Amino acid sequence: MTDREEPNPGSLLQIVANAWKLVRSLAAVAKQSSAPETASQAAAAESSEGREAARLRKGAWIVIGASLVWKGARALSSLRLKPSAEPRTAAAEPAQEEPAVRKEKWLMLGALLSWKAGKSLARSTAATFLEQPASESGAASAGAARLAESPAASTTPPAETAWAALQASASAVGQVVNRTLADTTPVEDLPGTGRGADRNLDRENEVNLERRERWGTLLAMSAALAGVAGGIAFVVTFWTDGRNEWLGSSAAVFLGGFGLAMVLWAHWLTAHKEAVEPRERVSSPPPEQQQAAQEFLTGAADIRRRRLLQWMGVAGLGALGSIVISLIRSLGLPPSPALETDVWKRGQRLMTVDGVPVGVDSLAPGGMIVVFPENAVGSEKTQTVLVRVRQDLVQLPPQRSDWAPGGNLAYSRICTHAGCSVGMYEANSHLLMCPCHQSTFNVLTGALPTGGPAARPLPQLPLYVDSNGHLRAADGFSDYPGPGFWGMPS
Amino acid sequence: MIGAGIARWVDSRVRLAKFVRKALNHVFPDHWSFMLGEIALYAFVILVITGTFMAMFFHGSSAKVIYHGSYRPLDGVQVSSAYQSVLHLSFDVPAGLLIRQMHHWAADIFIGAIVAHLLRIFFTAAYRRPREINWLVGLTLLVLALANGYLGYSICGDLLSGAGLRIGYAIMLSIPVIGPWITFLALGGTVPVAATVPRLYALHIFLVPALITLLIGVHLAIIWRQLHTNYPGPKRTDKTIVGARLWPSYTLKSLGLFLLLFAVVAAMGGLLQIDPVWIYGPYNPVAILPGAQPDWYLGWVEGAMRLFPGVNLRLGRYLVPEVFFPGFLFPVLVFMGLYAWPFLEKFLTFDFRTHHVLRLPRQQPWITAFGCAVLSGMLVLLFAGGDDVVALAENGSVTQIRTLLRILVFVLPAVTFALVYLLCRLANWKYPVASAEQTPEEILQEESTPQPQ
């Protein structure tokens, strides 16, 4: 398991690295095929040795390319959901990684990759100057190995040697990383382990203890230091600038740093031992139940015998109930008068929210305004919407024919659906709309609902014009304003 | 050592060593989906911490005052005392805005985590015997959390909370027979009245959090007694529990999770604006707020209220208003269904046995498909809760979108049901999972062996 040939294709980084290598090698092949056009290469191609070398090189690139295509395809295919339930041997196929293990891998991959890349660069530079093949890592891909072994390799330009070495080491990095991390990888998927199974914690014991100590301490320490920095930043921000963004961010760094440190500590530096324990039966054994019941009933007999005391208990509960009900009563008014009291009375002038009386010609046709009765300006329940339309458009029912002098129509502004303010008016379609649930009411027909969830029309306020030309209420609303309730008369 | 000294002092008075040992060795399985409940718990802790801070500045009163504070655009405007105190907290108290936004975000996370936790329980059938009892407790916690979220944003005295309060009032009022009475007793009259905000505030900071705390305790005690469930896997049976001991690894991780969640909430509170009441403006009856939406967790009720047709019911001289059906009856039915589900499932599957090993969602295709169907319907409703905003953004008409959504709210669940069911069956056929259920022989054997005393 620890020494498998294939780099695990499941890692995203591997896929990216493979794809990158593929692109580079294809580009190299393309360059090779057009090589004779450049003067220096054409000259080299004329000698038989040079031709041989070019042929070998081309072959090598093709082999590399093909192998990379194959690897890339395998990597891509491994992204798909794989059956994890099927039993399989470790040698046959790499095991699926657990998410946590993959996370660990990511952490170490960055460090290892940069280290290896630097090392391989140095090695390839040295190889170029010493004119030695650079495939010592032993895990070079087949094409690169052939290239290095061929006698023509010494004649290839230094840059290409370096590139081949880089390639070889890049592919080696994948394997080294895999091998290094192999002991954190689950040994095998046991048959019957679904993807959803909770973690088998014993696997973590395979992690190299020493490395766990080193990495764990380093990571937890760094996180805690970040936390301290965040805490300092919070205090500094608080006493100087105090801006919300900085306060929040520094608090997040402080809390997150210490939170992360604790999680890392738990993950890397504490023992993970899987525990298996028997579950007790959740119900009591029958004898225990019987004993408990017996003892309860023995005691209860003493209570049951005393009839008078029982009745006293009932009376006490009754008294308590009546006290509670009395106290509840002090919480609120009975709904009956408050809900049903009319808010407009005959003769009241219509006032704007600023307390200015509204005249019959205050509004132009198409206009809309919020009005209140003259003694309750700005009150919630009396809010009324006044719209003016062209007189000939009004289609009120016959009994309301004189309710709209001069095309002035007044309706309750409280939606009959859920009680929001019906505050939007579209003059072209003569629709009042409630912003909460988009019920629409046609002002021409007595505010009948034309769309949305409202079922009842907005109550209308009959109007007349007094001798000063002011609008006054001729009566209360035609219905009870506001949302419906059980006892609401129709 | 001082620690040992204190431990001995306490133990010599209350005899704790045995319990402590049991607690340290408590076995808890390790899986990401088991963290959802923990997140909810920790979000509640954050809510209590930030809420206590806020309560020191908030005035639960709708008395009218003239605002004079740091926020210049509202200088000299008549606002409620509650609104003034929220502005004071946001603009004049150092870190006040941070704490307030953290509180609101934590509330959203709290309810989100509870819902996610609920879904995890549902889709893995963790509600089966003996855990029906904790399902009931957990659902009650969800109801309380939803109620407290609503109460919380209803007391700020801004335009949005005023609209929300009036809608809540209309829903309460619509309940047949008792609606007007309980509304007047609870809210003190026709909303808005001066009595309302102090009452809601008292409920928001005292009664409901106290109940939530109590029920969280009950919830955890039951988990403690019953031990956690395991996902199916090797060594995981109905007779064993597999996991990590509470001390020290699990404890550290869990506390780390708390701090990380706190960090996320702090970052959100600092960087993401939420409930900017100064932009909505103070509540007054003349102003309107187009595009108003409740917080996300009530969006499905809002959506139902928008999609339900305008039909009310006349019973003789009595009225059942249209808002009763989507606003009250529908959520009540949803929660009744949720409360009844474990018992309903027992009678549907004829499985009355004790279970400690979970079912994978695909191992229960009918239930998973049903759950996903309901969920998709809920998402349509949630979407419908913002249909006016969608219409505005897409330049479409609300009516058209609403017609589409009215169809979709029935069609999408049906399609989802069929699709999910097929997917589950396909997955089971392709990748069979060894069943954790006992065979009839095993059950017989178990029943014939005497119980351990």
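# A guided tour of chains A and B

Begin in chain A by selecting the open sheet of five strands, whose order is E2-E3-E4-E5-E10 and whose pairing is antiparallel. Its edges are formed by strand E2 (350–351) and strand E10 (460–461) of chain A, each of which pairs on one side only. As you look, keep in mind that this is a predicted model.

Within this sheet, select residues 384–388 and 408–412 of chain A, which are strands E4 and E5, and you will find them paired in the antiparallel sense over five bridges. To see one of these pairings residue by residue, show A:Val387, whose bridge partner in E5(A) is A:Leu409. Strands of a sheet pair through backbone hydrogen bonds, either parallel or antiparallel, and it may help to display the backbone atoms while you are here.

Now move to another sheet of chain A, an open one of four strands in the order E6-E7-E8-E9, again with antiparallel pairing. The edge strands here are strand E6 (424–426) and E9 of chain A, each pairing on one side only. If you turn the view to look across the strands, you can see how neighbouring strands of this sheet are turned against each other, by 35° on average with direction ignored. Select E6(A) together with strand E7 (residues 431–433) of chain A, and you have two antiparallel strands joined by three bridges; in this pair, A:Tyr425 has A:Leu432 in E7(A) as its bridge partner.

Before leaving chain A, step back and colour the whole chain by its helices and strands, of which there are 11 helices and 12 strands. Chain A has 490 residues, and 33% of them count as buried. Among the contacts in chain A with a separation of 6 or more, 63% are between residues 24 or more positions apart.

Next, bring both chains into view and select the contact between them, to which chain A contributes 80 residues and chain B contributes 91 residues. On the side of chain A that touches chain B, helix H8 (244–269), strand E1 (275–278), helix H11 (335–340) and strand E9 (448–451) of chain A each supply at least two residues. Which of the elements gives the most to this side of chain A? The answer is H8(A), with 16 residues. If you colour this side of chain A by residue class, you should find 44 nonpolar, 26 polar and 10 charged residues.

Stay between the chains and select E1(A) with strand E4 (residues 240–245) of chain B, because here the two chains are joined by strand pairing, as the next details show. E1(A) and E4(B) pair in the antiparallel sense over four bridges, and A:Glu277 stands opposite B:Ile241 in E4(B). E4(B) also has a partner within its own chain: strand E1 (residues 27–28) of chain B pairs with E4(B) in the antiparallel sense over two bridges, with B:Phe28 opposite B:Ala244. Is E4(B) largely enclosed or largely open? Five of the six residues of E4(B) are buried, so this strand is largely enclosed by the rest of the structure.

Continue into chain B and select helix H12 (residues 299–307), where eight of the nine residues are buried, so that this helix too is largely enclosed by the rest of the structure. The buried residues to show are B:Trp300, B:Val301, B:Glu302, B:Gly303, B:Ala304, B:Met305, B:Arg306 and B:Leu307. Add the helices that these residues pack against, which are helix H13 (324–349), helix H14 (365–384), helix H15 (387–394) and helix H16 (398–430) of chain B.

From that group, keep H14(B) and H16(B), whose axes are 8 Å apart and which pack at an angle of about 150°; the two helices are therefore roughly antiparallel to each other. H14(B) passes H16(B) in a right-handed crossing, and their contact, sorted by class, has 20 nonpolar, four polar and one charged residues.

For a last stop, select helix H6 (residues 132–154) and helix H9 (residues 196–226) of chain B, whose axes come within 9 Å and cross at roughly 160°. H6(B) and H9(B) are therefore roughly antiparallel to each other, and their crossing is left-handed. By class, the contact of H6(B) with H9(B) has 18 nonpolar, eight polar and no charged residues.

Key. Residues numbered from 1 in each chain as written. Chains lettered and ligands numbered in written order. Predicted model: local features only at pLDDT ≥ 70, side-chain atom pairs only at ≥ 80, totals over all residues. Contact = placed C-beta atoms within 7 Å. Nonpolar A, V, L, I, M, F, W, Y, C, P; charged D, E, K, R; others polar. Pairing = 2+ DSSP bridges. Axes fitted to C-alpha atoms, helices over the stretch in contact; angles between N-to-C directions. Buried ≥ 20, exposed ≤ 12 C-beta atoms within 10 Å, placed from the backbone. Parallel < 35°, antiparallel > 145°, perpendicular 65-115°, else oblique. Left-handed = near helix turned anticlockwise from the far one by under 90°.
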